[in-house]
Structures are given as structure tokens and as C-alpha cells.
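Trainee: I would like to learn how to read a ligand site. Where do we begin?

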Amino acid sequence: MKASILVLAGDGIGPEVTAEGTRVLRAVGAKFGHTFTLRDALLGGVAIDRTGTALPAETLALARASDAILLGAVGGPKWDDPLAKVRPEQGLLAIRRELVLYANLRPVTIHPKLVGASTLRPEVLQGVDLLVVRELIGGIYFGEKTREPDRASDLCVYTSDEVRRVVRRACELARGRRKKLTSVDKANVLESSRLWRRITDELVRKEYPDLQLEHVLVDACAMYLARRPASFDVIVTENMFGDILTDEASVLAGSMGLLPSASLGDGPRGLYEPIHGSAPDIAGRGIANPYATILSVAMLLRYSLALEKEAAAVERAVSRAIDRGVLTADIALPGTPAATTVQAGKAVVEEL
Ligand code: IPM
Ligand code: MG
């Protein structure tokens, strides 16, 4: 097949990890006979430096003309002035919203070899295989904001349509898995959560009666993720809760550097990015873990290009590279030398 993929390397370790993602994409193209046309564009801090805006119009136009987008990370101390009018993160939020990518899929699985990389006890990690579906373009991130010298506010708004479309996507995914859906909210306090819970209940009762649905308050969910993570299958939640819970969930896998994500809307076009940030402290040193980005490439192949066989091959190749002990500093076993970013990317290509 032919596909055009836009690469938004972004800031910090973004260029280093996306370089390995595209290395793997090229290898998949060569091995399976696909023509992937890769283009680069600016997003985030680099875009602010060169154009004055975090999401240049040209980048957005290229994104709309692409079949899929691979993104590294945005942000860094250089653009961190709290009073600045433009911030790198605005570019990321804007592209998610402009492309109406409302469902953010963040799977968490544990490689047996990396059980020791987690701070949790091995028996707690036994059998963990969960998927967080985070609403991505609504809620407190996008509500009206105000800022005065001594007062500031962020409004959290959800409409029933916004809740329904993301919960429906989570239900479809749960149907292909263990058929258990956990909806996370704060319905004991927030009106937006009470709406979320009512719409979710109605939808599942009417359209997905085969699923087992539970409602869990977000504070309790944070605790259960650390105490009994294997009990979860699909978790669906609003934007900010999903942001926070997935950083927590990355501890299960052993490192933020292992968790991929897919941001999807109604059509096949999606945005794929590791859930980690730009890690300015290690940027430019060639030591960042590229596996989260490479696993995001696998999700890109699966969800935007419908290349399931190729997606599974990339996931297997990452797993084998880990088996072989090609581990970057964040997950290296005690007493063994850490792999570089490039070594990890090349190991995946070899395994492919
Ligand atoms: C994420 C990140 C972003 C978010 C930031 C960089 C704006 O933390 O993708 O999880 O909060 O969505
Ligand atoms: Mg986050």
C-alpha cells in the first residue's frame, strides 16, 4: 500500500525517538512491500522559535493531507515562562482538537523481563493488560480560561455527545478484549462527572449490554491501579483524569519510555505519540528509550493503515529486542550496560 505519514519530531528527545520510529517504519515498508512517504513539519517549541506559533498553518495543512501523524514530544524549559502567550503544549492541544482526535488509546502491558523495572511488587503486576481510553479534546483542558493577578480559572465542560462518542469507542475496544469497562469520574463532586456517568450508563445499557460496566471514582482508581492493576481491562475517562492516571499506570510497565498512544477520531487518520514528554534533562545525549515511539508506530500501522500483521510484527520485534536485553538506561537491569537510543532502534529492525 501507499501511505503518507507526517513526522512531527518536536522538542527535547522528540527528534531522537522519532528517528528510531521512522527507521522502523522504513524497515516495515521494505519488508512488507509498502511505500511510506515521510514528511517532516514543525510543532511545539521549535515551531515557536522559527514561526512564532506552536502549530503553524503549514503543519496543520500537511497533517490534514496525511494518512497518519507520528509525533515525538513538545515542551522544554526554554519556553516555560508562566506568563508567556505562546507555549509548545498549545501546539499539541491544537492539533489534537483541529483533527477532532477525541479518543486517546493508551495500552499498558508488562514485558516479563521488565517486571523488576517497576517499583511495584512482581505479584501485583501478574497479568496486567489494560487499556486507558482518555477523552482528548474536551473538559478542563479546553474550557474557558481566565487570568487575573490574584484569580485564575479553568472551566470543565462536557456535552453528552462528547461523552457518548468516546465511551462508544471504548465499548467497541472492550468488545474485542475481556469485555470489562471501567468508567472513571468524580461524580460525587463534579456536575460534568454526573453527566458522564449518566450518559455512559445509558449507552452501555442500550448498545453494549454484553459488557460488564463499573463506575469508579478517580481517587479510588488511582489507588486500585497501584493495588490491583490486573483487575482492569478497558478504562474510559475524561481528559485530565486520563492524563494523570496514565502517568501513574506507566509505573506498572517499568518506565514512561515504554508506553505508546494513539489519538483517533471518526476516520482512519490518527496521531501517534509516546505518552512521555520531551525529557529536556536527557535530550541530545542519545540515551532516551525509543520503544514507546516504536510501539506508537505499531499502533499507527494498526489503526490508520489497517496493517494488523505489520503492527503485530513490530510489537513482537520490540518484545524480542527487550528479551535480548537491549535496554536503555531507564529500564537497564542492574549491572548491565545500557543501550543507546540508536542501538535500541536498530535492534528492533534486526528482529523484524
Ligand atoms: C500527555 C501530555 C500532554 C497532555 C501535555 C504535554 C500537554 O502530558 O500527552 O499526556 O497533558 O495531554
Ligand atoms: Mg501526560
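Mentor: We will go through the ligand's surroundings step by step. Keep in mind that this is a predicted model.

Trainee: Which residues are around ligand 1?

Mentor: Start with the shell, taken here as residues with a heavy atom within 4 Å. For ligand 1 these are Glu-89, Leu-92, Arg-96, Arg-106, Arg-134, Tyr-141 and Asp-243. By class, five are charged, two are nonpolar and none is polar.

Trainee: Which helix gives the largest share of the shell around ligand 1?

Mentor: Helix 4, spanning residues 88-98, supplies three residues. Then check the domains. Domain 1 (1-102 + 254-352) and domain 2 (119-252) each contribute at least three residues to the shell.

Trainee: What polar contacts does an oxygen atom of ligand 1 make with side chains?

Mentor: Look for N or O pairs within 3.5 Å. An oxygen atom of ligand 1 lies 2.8 Å from a side-chain N or O atom of Arg-134. For Arg-106 the distance is 2.9 Å, and for Asp-243 it is 2.9 Å.

Trainee: How much of ligand 1 does the protein bury?

Mentor: Compare the free ligand with the bound one. Alone, ligand 1 exposes 320 Å², and the protein buries 78% of that.

Trainee: Where does ligand 1 sit?

Mentor: In the largest pocket.

Definitions and conventions. Residues numbered from 1 in each chain as written. Chains lettered and ligands numbered in written order. Predicted model: local features only at pLDDT ≥ 70, side-chain atom pairs only at ≥ 80, totals over all residues. Heavy atoms only, no water. Polar contact = N/O pair within 3.5 Å; in protein donor to acceptor, adjacent residues only side chain to side chain. Areas by Shrake-Rupley, 256 points an atom, 1.4 Å probe, with all protein chains shown as cover. 1 Å grid on protein atoms, 1.4 Å probe; cavity = no way out; pocket = protein on both sides within 12 Å on 5 of 7 lines; lining within 4 Å. Sits in = over half its atoms within 2 Å of the grid points. Helix = DSSP H or I, 4+ residues; strand = E, 2+ residues; numbered from the N terminus. Nonpolar A, V, L, I, M, F, W, Y, C, P; charged D, E, K, R; others polar. Domains from an automatic or database assignment.
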